[in-house]
Amino acid sequence: MTDLRANRYRTAWAGDLRAGDVGGDVRVSGWVHRRRDHGGLIFIDLRDRSGLLQLVFHPEDAPEVHAAAHGLRSEDVISAEGPLVPREEENVNPEMPTGEIELNVRAFEKLADAETPPFQVDEEGPIEEVLRLRYRYLDLRRERMRSNIELRHAAVQLTREYLNSAGFLEIETPMLTRSTPEGARDFVVPSRLQPGAFYALPQSPQLFKQLFMVAGFERYYQIVRCFRDEDLRADRQPEFTQLDLEMSFVEEEDVMSVIDGWLKSVLAVAGIEVDLPLERVRYDDAMLQYGTDRPDRRPGMEIHDLGDAFSGSEFKVFADALAGGGVVRGLRAGGEFPRSRLDELTERAKELGAKGLVWATVETGGDWRSPVAKFLSPEERGRAAETLGAVEGDTIFAVADSTEVAARVLGTLRLELAGPREGHDLFWVVDFPMFGWNEEEQRLDPLHHPFTAPVGDLDGDPAEWRSRAYDVVLNGWELGGGSIRIHRSDVQERVFDALGLPPDEARERFGFLLDALRYGAPPHGGIAFGMDRVVALMAGLDNIRDVIPIPKTASGADLLTGAPAPLDAHQLRELGLSVTGR
């Protein structure tokens with residue numbers, strides 16, 4: 001088959017050449033990665049996307065070429081040709097894939113000069129992130145960044161191959177749509193042709209993919225850009241890439257089985273082994289044992305309910321919490337802590353919303369060294385230690401508060417107290433509540449989205465409903481989330497009603513969906529994954545910016561192009577807009 005990469009600039013890619021290619025002339029092109037003068041010989045490591053190849057300029061073989069090579073500098077772009085030869089045995093570099101060979105340059109062409117870069121491209125040392133993002137095209141030349149982007153490409157291509165083989169169709173959805181409540185603010189786009197009206201960039205293709213199921217496509221997927229105007233963190237960007245899929249005539253296990261196989265395949269690209277089927281963990285168990293619905297279980301240190309241990313206790317803090325419908329929960333941390341550290345942890349618990357933090361170190365005979373020990377009977381201390389599995393020398397931490405506060409505080413502290421985490425922990429969280437209580441707005445909010453199918457007595461209290469939702473968690477990160485959807489319009493209307501959405505507003509926002517559900521919608525479900533997050537974890541990173549070619553900063557700025565930027569007066573007039581508060 002013809003090599004479609006060969007042309008006048010190259011007959012081979014530098015990093016692809018091996019000892020078996022020795023014996024003929026080749027031409028390669030790329031960037032001057034590193035230049036060295038050794039006793040008359042000039043050595044240049046040439047870099048292209050495939051890797052490095054050593055070029056050698058001999059003064060006696062081609063004097064004019066050798067003289068011209070003195071003018072080459074780092075990051076100059078050149079094309080060079082000559083015979084590919086084996087290196088002398090003492091010069092073989094086993095650390096380089098091309099370390100057994102070199103190119104004796106007979107001719108070369110300088111294609112572009114390069115100014116001195118603002119940071120070293122040929123080294124992997126720390127560089128200020130602002131500088132990296134301002135000169136992202138240079139940052140992407142570095143080996144680590146190139147490797148991350150290649151890993152991303154491999155993961156995306158394997159994803160397509162896997163889903164295509166499983167009967168899915170790749171279908172695109174609109175980028176300009178209308179605003180819908182997805183849990184975050186929309187990015188909006190003014191319409192020039194309809195002054196005063198706005199498009200919204202999609203937070204996800206959720207409604208469109210459900211309509212594809214109504215349309216009868218049965219298995220859809222898309223690797224799609226999505227947009228959310230929200231505060232940024234290491235694992236958040238205003239625009240991100242999502243693997244989005246939907247399936248008809250399925251139940252939860254059908255969707256999860258497809259994803260099990262995909263995860264095993266895609267994580268294998270990074271050498272991460274996955275045993276199937278993935279474990280299914282109930283939401284309530286995750287919240288009790290780890291204080292979060294996306295736990296990192298590798299450190300152990302499970303949280304336990306201590307209500308039975310302290311039932312009937314005369315210690316006012318515990319008694320008041322239990323009498324008021326709250327909980328007493330705790331965990332065991334190995335080893336003793338200095339008083340200064342215990343004070344720090346107590347203050348941290350208060351920052352997280354707790355009234356305080358009870359601590360105790362187990363001593364000989366089951367005694368406790370703790371400010372509250374005198375308020376607890378030996379039987380209570382013994383029951384608590386037994387429940388937590390605490391032995392002499394261990395320290396116990398407990399919180400007496402509402403279920404939510406106890407989960408948040410102990411869930412956070414267990415990770416701050418945890419030691420090194422090794423290996424990978426991948427599993428499903430299932431059996432979620434349908435709604436959570438929004439204290440600020442005094443209303444129910446869907447834990448996933450309002451199109452998730454509810455479970456329970458739909459004539460009863462919506463706060464008691466469960467949902468047919470499921471999330472995948474890896475090492476404490478939510479990789480993806482999905483659910484079986486509502487496929488009946490009457491059920492969808494009940495959910496809107498439970499959320500306090502008046503019928504006329506529901507009709508205005510989602511009339512097209514409600515209408516579609518009346519025309520024979522099959523049972524269907526799906527899931528969406530943040531591909532940036534998946535690839536970051538595959539690469540062993542905790543920041544998704546290092547797997548995104550052109551990311552934004554924590555403030556949402558693109559330092560490369562200067563976005564976002566003001567519009568000029570003419571553009572604003574065309575759109576019928578004016579800007580205030582600048």
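Q: Where does Val 579 lie along the chain?
A: Val 579 sits in the segment after α15 (569-575). The helices and strands named here are DSSP runs, helices being H or I with at least four residues and strands E with at least two, numbered from the N terminus. This is a predicted model, where local features need pLDDT of at least 70, side-chain atom pairs count only at pLDDT 80 or more, and totals for chains, interfaces and linings use all residues. Residues are numbered from 1 along each chain as its sequence is written, and side-chain values use heavy atoms, leaving out hydrogens and water.

Q: Why does Val 579 count as partly exposed?
A: Buried means under 20% relative accessible area, exposed means over 50%, and partly exposed is in between (1.4 Å probe, protein chains only). Val 579 has 46% relative accessibility, so it counts as partly exposed.

Q: What makes Tyr 199 partly exposed?
A: The value for Tyr 199 is 32% relative accessibility, so this residue counts as partly exposed too. Tyr 199 is placed in strand β9 (residues 198-200).

Q: How many helices and strands does the protein chain have?
A: There are 15 helices and 25 strands.

Q: What share of the residues of the protein chain count as buried?
A: Of its 582 residues, 47% count as buried.

Q: What separates the C-alpha atoms of Val 579 and Leu 567?
A: A distance of 9.5 Å separates them, and the two residues are 12 residues apart along the chain.
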